[in-house]
Amino acid sequence: MKSFLRSFQYAWNGLRQALREERNLRVQLSVAIAVIVAGFYFRITNAEWCILLICIGLVLGFELLNSALENLVDLVQPERHPLAGKVKDMGAAAVLTVSFASLVAGVIIFWKYISHWTLIIAN
């Protein structure tokens, strides 16, 4: 049980360190907080909450994995190398792919709320 609890401490340490060192993670966390605030403001449905929370978890999780991958590549190959660059680029592409899909999901979810809201303001 002690080692199980210690694994949570390691995970929190990793998250704190990533938040200190990784600008992109801080930006993505800020966007996630804005999306959560918008969700409360527009009173989105439970199903929409589930989709948004899965998207947020995927984007943040992929960013953490990408950061870990970049650190590992830097450890193994400190000098510039085409293959090391390829690995880093593919990791970044994975984050971009999940981020884009999440953006589309967010637009689909919030579109009806925002378009309704702008109609009310216009009248």
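**Helical architecture and selected residue environments**

Ser102 is found in helix H4, which comprises residues 82-122, in a model that is predicted. With a relative accessibility of 15%, Ser102 counts as buried, because the cut-off for that class is under 20%. When its neighbours within four places in sequence are left aside, the residues in contact with Ser102 are Cys55 and Val59. The side chain of Ser102 also reaches the backbone oxygen of Val98, at 2.9 Å. Between Ser102 and Glu48 the C-alpha to C-alpha distance is 12 Å, for a sequence separation of 54 residues.

Glu48 itself lies in helix H3, a helix that covers residues 46-76. Like Ser102, which is buried at 15% relative accessibility, Glu48 is buried, its relative accessible area being 9%. Once neighbours within four places in sequence are set aside, Glu48 is in contact with Ile109, Lys112 and Tyr113. With one of these residues, Lys112, the contact is polar and runs from side chain to side chain at 2.9 Å. Lys112 falls within the range of helix H4, residues 82-122, and the polar contact of Glu48 with Lys112 therefore joins a side chain of helix H3 to one of helix H4, given that helices are taken as DSSP runs numbered from the N terminus.

A further side-chain pair involves Asp74, which also lies in helix H3. Asp74 is partly exposed, with a relative accessible area of 37%, and its side chain makes a polar contact of 2.5 Å with the side chain of Lys88. The C-alpha atoms of Asp74 and Gly85 are 9.9 Å apart in space, while the two residues are 11 positions apart in sequence. In the loop between H3 and H4 lies Gln77, which is partly exposed at a relative accessible area of 25%; the side chains of Gln77 and Glu79 are joined by a polar contact of 3.3 Å.

Helix H3 also holds Ile54, a residue that is exposed, with a relative accessible area of 53%. The separation in sequence between Ile54 and His81 is 27 residues, and their C-alpha atoms are 35 Å apart in space.

The loop between helix H2 (23-42) and helix H3 (46-76) contains Arg43. The phi angle of Arg43 is near 55°, a positive value in a residue other than glycine. Most residues other than glycine have a negative phi. Arg43 counts as exposed, at 73% relative accessibility.

At the level of the whole chain, the secondary structure consists of 4 helices and 0 strands, and the order of elements from the N terminus on is α-α-α-α. The radius of gyration of the chain is 18 Å, well over the 14 Å that the globule rule gives for 123 residues, so the chain is more spread out than a compact globule. Along the principal axes, the C-alpha trace spans about 60 × 45 × 20 Å. Of the contacts in the chain with a separation of 6 or more, 70% are accounted for by residues 24 or more positions apart.

As for surface and charge, 24% of the 123 residues count as buried, and the chain exposes about 9,200 Å², of which carbon and sulfur atoms supply 70%. The chain carries 11 positive and 8 negative charges, and the mean positions of the two sets are 9 Å apart.

How values were computed: Residues are numbered from 1 along each chain as its sequence is written. This is a predicted model: local features need pLDDT of at least 70, side-chain atom pairs count only at pLDDT 80 or more; totals for chains, interfaces and linings use all residues. Side-chain values use heavy atoms; hydrogens and water are left out. Helices (H or I, at least four residues) and strands (E, at least two) are DSSP runs, numbered from the N terminus. The radius of gyration is taken over C-alpha atoms; the globule rule is 2.2 Å times the number of residues to the power 0.38. Buried means under 20% relative accessible area, exposed over 50%, partly exposed in between (1.4 Å probe, protein chains only). Contact means heavy atoms within 4.5 Å. Accessible areas come from the Shrake-Rupley method with a 1.4 Å probe; for residues, only the protein chains shown count as cover. Lys and Arg count as positive and Asp and Glu as negative; His and the chain ends are not counted. The place of a charge is taken as NZ of Lys, CZ of Arg, CG of Asp or CD of Glu. A polar contact is a pair of N or O atoms within 3.5 Å; within protein, one must be able to donate a hydrogen and the other to accept it, and residues adjacent in sequence count only if both atoms are side-chain atoms.
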